Amino acid sequence: ASLILGALAGAVHVRAQYEEEADDRGLTEYEIACMPCHGVNGKGDGPDAPKLSKPPADLARLEAANGGDFPETRVRAMIDGRADVKSHGPREMPVWGRRYRVPIDDTDTTKEADKRARALIDALVDYLKTLQER
């Protein structure tokens with residue numbers, strides 16, 4: 001009985017560690033993909049911001065600028081590259097969806113890469129929600 005309880009405790013610990021890492025995925029993606037331009041708090045004041053011809057968006061004000069509702073669909077489309085507003089001129093923000101869909105190796109299927117990309121974008125969007133000024 002103690003052997004079974006020990007195995008269950010180990011499984012619970014591994015699952016908790018995995019879930020904790022999954023919870024950090026959005027922050028990690030933000031640090032890699034967004035923070036250089038948008039800054040630590042999403043205000044558009046990252047170290048690379050002065051190098052850009054147009055200031056980066058204030059990601060902490062997305063909800064406020066959208067009448068108090070976080071524009072989740074529009075944010076996803078900006079991240080994965082579907083949103084391209086021609087009247088705003090050339091797109092300066094990288095299309096991160098392409099980076100997320102890069103195959104890991106020759107056995108990685110398009111379906112697996114798309115699933116992984118969606119999970120990373122979901123995590124990033126969820127993290128962006130935490131930056132909102134209320």
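Student: Which helix comes just before Gly-81, and is the phi of Gly-81 positive or negative?

Tutor: Gly-81 follows H3, and its phi is positive, near 100°. Before we go on, this is a predicted model, where local features need pLDDT of at least 70, side-chain atom pairs count only at pLDDT 80 or more, and totals for chains, interfaces and linings use all residues. Residues are numbered from 1 along each chain as its sequence is written, and side-chain values use heavy atoms, leaving out hydrogens and water.

Student: What makes a stretch a helix here, and how many are there?

Tutor: A helix is a DSSP run of H or I with at least four residues, a strand is a run of E with at least two, and numbering starts at the N terminus. By that rule the protein chain has five helices and zero strands, so its pattern reads α-α-α-α-α.

Student: Why is Asp-108 called buried?

Tutor: Buried means under 20% relative accessible area, exposed means over 50%, and partly exposed is in between (1.4 Å probe, protein chains only). Asp-108 has 14%, so it counts as buried. You'll find Asp-108 in the loop between helix H4 (96–100) and H5.

Student: What does Asp-108 touch?

Tutor: Leaving aside residues up to four places away in sequence, Asp-108 touches Val-102, Pro-103, Ala-113 and Arg-116. A contact means heavy atoms within 4.5 Å.

Student: How do you know that Asp-108 and Arg-116 make a polar contact?

Tutor: You need a pair of N or O atoms within 3.5 Å; within protein, one must be able to donate a hydrogen and the other to accept it, and residues adjacent in sequence count only if both atoms are side-chain atoms. The side chains of Asp-108 and Arg-116 are joined at 2.7 Å, so the pair passes.

Student: What makes a group of residues a nonpolar core, and which residues have the most contacts inside the largest one?

Tutor: The members must be buried Ala, Val, Leu, Ile, Met, Phe, Trp, Tyr or Cys residues joined through side-chain atoms within 4.5 Å. The largest core has 18 residues, and Tyr-30, Val-75, Ile-79, Tyr-100, Leu-124 and Leu-128 have the most contacts inside it. Helix H1 (2–38), helix H3 (72–80) and helix H5 (110–130) each give at least two residues to this core, with the largest share, seven, coming from H5.

Student: Why do Glu-133 and Lys-43 count as a salt bridge?

Tutor: The rule asks for a side-chain nitrogen of Lys or Arg within 4 Å of a carboxyl oxygen of Asp or Glu. Here N to O is 2.8 Å, so the pair qualifies. Glu-133 sits in the segment after H5 and Lys-43 in the loop between H1 and helix H2 (62–65), so the bridge ties together parts 90 residues apart in sequence.

Student: Is Glu-133 buried or exposed?

Tutor: Neither: at 36% Glu-133 is partly exposed. Lys-43, at 34%, is partly exposed too.

Student: How do you know that Arg-61 pairs with Glu-133?

Tutor: Their closest N and O atoms are 3.6 Å apart, which is within the cut-off, so it's a salt bridge. Arg-61 is in the loop between H1 and H2, 72 residues away from Glu-133 in sequence. With 39% relative accessibility, Arg-61 is partly exposed.

Student: Why is Lys-51 called exposed?

Tutor: Lys-51 has 66% relative accessibility, so it clears the exposed cut-off. Lys-51 forms a salt bridge with Asp-48 at 3.1 Å, and Asp-48 is partly exposed at 27%.

Student: How many salt bridges does the rule give?

Tutor: The count comes to nine.
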